[in-house]
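This report is meant for a reader who meets the structure for the first time. Please keep the sequence and the model in view while reading.

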Amino acid sequence: MTDTLAAQAGALRLHAGDWARRGVAERIAVLARWSAEIAARRPALVAGLARDTGRLALSEMEVGAVLSSIERHSGWARELLAQGKERSSADGAVAIRDAPVPYGLVGVVSPWNFPLQLALIDAVPALLAGCAVLVKPSELTPSFVPALRESIAAVPELAAVLSIVEGGPAAGAELVRQVDAVCFTGSVRTGRLVAAAAAEQFIPAFLELGGKDPAIVTATADLDVASSAILWGSTANTGQSCMSLERVYVEAPVAEEFVERLVAKANRVRLAVPEPADGELGPFIDDRQADVVAAQLADAVAQGATIRCGGQIEVHGGRRYLRPTVVTGVNHEMTLMSVETFGPVIPIMVADSVEDAVRLANDSEYGLSGAVFADPEQAALIAPRLLAGGISVNDVCLTGLVPEGEKQAFKSSGLGPSRMGPASLRRFLRQRVLLTRRSPRIQPWWYDV
Ligand code: NAD
């Protein structure tokens with residue numbers, strides 16, 4: 001495996017220089033042809049994703065997200081990478097020109113929860129910035145890889161600078177040793193290992209890790225909107241999403257009404273059985289993930305929490321499912337409120353005041369994203385107080401749905417510049433500046449010798 005991966009990295013490096021020299025317009029044209037090849041393989045990609053994940057609509061959404069990401073990043077690339085114009089230093093004597101240099105080979109290590117989208121989310125801007133890219137998707141969701149490889153092979157200029165390598169943790173670790181910059185999406189635990197390995201290599205590591213996103217619902221919120229939004233934001237993809245809402249803080253006067261509305265709606269969500277198209281909620285990725293969620297629920301109940309709906313792991317067709325599970329009577333002593341859950345669980349805590357809700361929301365080792373539901377004036381005061389990179393106001397998961405908004409992960413949720421917005425391209429360029437003295441002469445501060 002090591003030989004194969006090193007050989008693939010070596011082959012990509014051979015072509016990286018040519019790719020960088022091609023210029024933005026040519027790279028955009030190559031990626032446009034790739035986009036057409038991906039679109040032509042949409043059914044095979046969706047089938048592969050649905051086979052491994054057990055969900056259909058989100059698999060279709062993943063292919064659409066990749067296609068629009070290529071288009072969007074191509075637009076930003078045109079603006080950002082156009083040759084830098086010369087400008088003057090403050091005294092006018094020196095000309096300044098930006099001449100950025102792409103990292104040669106970028107490595108991408110991605111997780112299983114959005115297998116295709118997250119395999120390519122960093123690869124697309126890196127390619128447009130002029131880097132070669134080696135991607136290692138999660139070993140738990142390999143079925144989309146053959147169709148993706150075919151799409152790459154159909155565009156030879158791209159195949160020279162983009163490869164997919166398969167394998168588990170050992171392949172991921174080896175990939176970090178072979179590249180000039182690494183983009184990692186996954187758990188905090190693995191992220192720390194990748195960061196340490198990158199430090200040894202002295203290469204940058206862009207880390208997008210786990211979360212325990214809070215939602216605040218105040219007494220001025222539209223409870224119909226808040227309950228529908230939080231139900232979806234906590235359970236989409238079976239809660240197996242980094243920006244899943246995993247903690248809800250509701251102001252006391254509206255807490256019971258909010259819970260009642262939420263439970264009523266949660267009970268109407270269907271499991272996607274026997275076929276992925278038959279419902280909204282797919283299975284856990286594997287039994288281990290179902291065990292993690294069951295253990296957190298058992299711990300919460302043992303400490304006095306009440307399960308208001310859902311709560312029982314079900315087995316259908318050999319895979320494990322959980323209906324939307326609303327839990328009340330929780331506190332921060334419970335793992336359900338402190339450790340990433342990654343399941344369709346909505347734990348709700350009553351807050352005595354807005355102050356209390358903000359304090360509780362910020363009481364976490366994570367800082368990925370969050371949500372606030374309140375009247376617009378109050379929400380505008382609360383949202384900037386949350387210690388997380390992306391806050392949705394009167395909606396959920398907008399950080400994933402609105403890709404223009406630049407954001408960083410706070411605390412243990414990650415490291416590095418924004419992977420959203422035009423910054424997603426800039427981070428693959430090492431800044432270099434050319435400084436030209438316009439009228440060369442002996443300078444008074446040089447040695448007078
Ligand atoms: P994981 O950390 O177990 O694995 C992620 C990837 O890392 C896999 O491809 C795996 O093979 C590889 N890997 C494992 N050990 C490695 C090592 N020592 N060196 C290099 N690579 C190694 O994560 P997962 O279970 O696949 O994904 C779920 C996690 O991902 C959750 O914590 C979730 O919050 C997080 N996630 C974060 C974002 C984000 O944008 N912040 C997005 C999606 C998922």
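The paragraphs below take up the domains, the aromatic pairs, the cysteines and some details of the backbone.

The model is a predicted one, and the domain assignment of its protein chain gives domain 1, made of residues 2–209 together with 413–434, and domain 2, made of residues 213–401. The C-alpha centres of domain 1 and domain 2 lie 31 Å apart, and 17 residues of domain 1 are in contact with 20 residues of domain 2. The area buried between the two domains comes to about 1400 Å², and carbon and sulfur atoms give 59% of that area. On the side of domain 1, G54, W112 and S413 supply 35% of the area buried against domain 2, more than any other three residues. Salt bridges do not add to this picture, since the count between domain 1 and domain 2 is zero.

The aromatic rings come next. A pair of aromatic rings is described by the distance of the centres and the angle of the planes. The structure holds two aromatic pairs. In one of them, W112 and F342 meet edge-to-face, with 5.6 Å from centre to centre and 85 degrees between the planes. W112 lies in the loop between β4 (105–109) and α5 (115–120), while F342 lies in the loop between α14 (335–338) and β15 (345–351), so this pair ties together parts that are 230 residues apart in sequence. W112 is buried, with a relative accessible area of 12%, and F342 likewise counts as buried at 11%. The rings of F206 and F428 have their centres 5.8 Å apart and their planes at 70 degrees, so this pair is edge-to-face. The pair of F206, in strand β8 (residues 205–208), and F428, in the loop between α18 (423–426) and β21 (429–430), links distant parts of the chain that are 222 residues apart. Both F206 and F428 are buried.

How many disulfides does a search of the whole structure find? The search finds zero, and two cysteines with their closest partners show the reason in terms of distance. A disulfide needs sulfur atoms within 2.5 Å, whereas the sulfur of C183 is 8.7 Å from the closest cysteine sulfur, in C131, which is too far for a bond. The sulfur of C397 is 8.7 Å from its closest cysteine sulfur, in C242, and is therefore too far for a bond as well. C183 is buried, with a relative accessible area of 0%, and C397 is buried, with a relative accessible area of 11%.

Some details of the backbone remain. Most residues other than glycine have a negative phi, and most peptide bonds are trans. The peptide bond from V273 to P274 is cis, with omega near 0 degrees, and P274 has its place in the loop between α12 (252–266) and α13 (287–302). Two asparagines with positive phi are set out in the table.

| Residue | Phi | Loop | Relative accessible area |
|---|---|---|---|
| N237 | near 55 degrees | between α11 (223–235) and β10 (245–251) | 6%, buried |
| N394 | about 55 degrees | between β18 (390–393) and α17 (398–401) | 31%, partly exposed |

N237 is thus a buried residue, whereas N394 is partly exposed.

Key: Residues are numbered from 1 along each chain as its sequence is written. This is a predicted model: local features need pLDDT of at least 70, side-chain atom pairs count only at pLDDT 80 or more; totals for chains, interfaces and linings use all residues. Side-chain values use heavy atoms; hydrogens and water are left out. Buried means under 20% relative accessible area, exposed over 50%, partly exposed in between (1.4 Å probe, protein chains only). Rings of Phe, Tyr and Trp (its six-membered ring) pair if their centres lie within 6.5 Å; planes under 30 degrees apart count as stacked, over 60 as edge-to-face and the rest as tilted. Helices (H or I, at least four residues) and strands (E, at least two) are DSSP runs, numbered from the N terminus. Domain bounds come from an automatic or database domain assignment. Contact means heavy atoms within 4.5 Å. Buried area is the accessible area (1.4 Å probe) that two parts lose on being put together, summed over both. A salt bridge is a side-chain nitrogen of Lys or Arg within 4 Å of a carboxyl oxygen of Asp or Glu.
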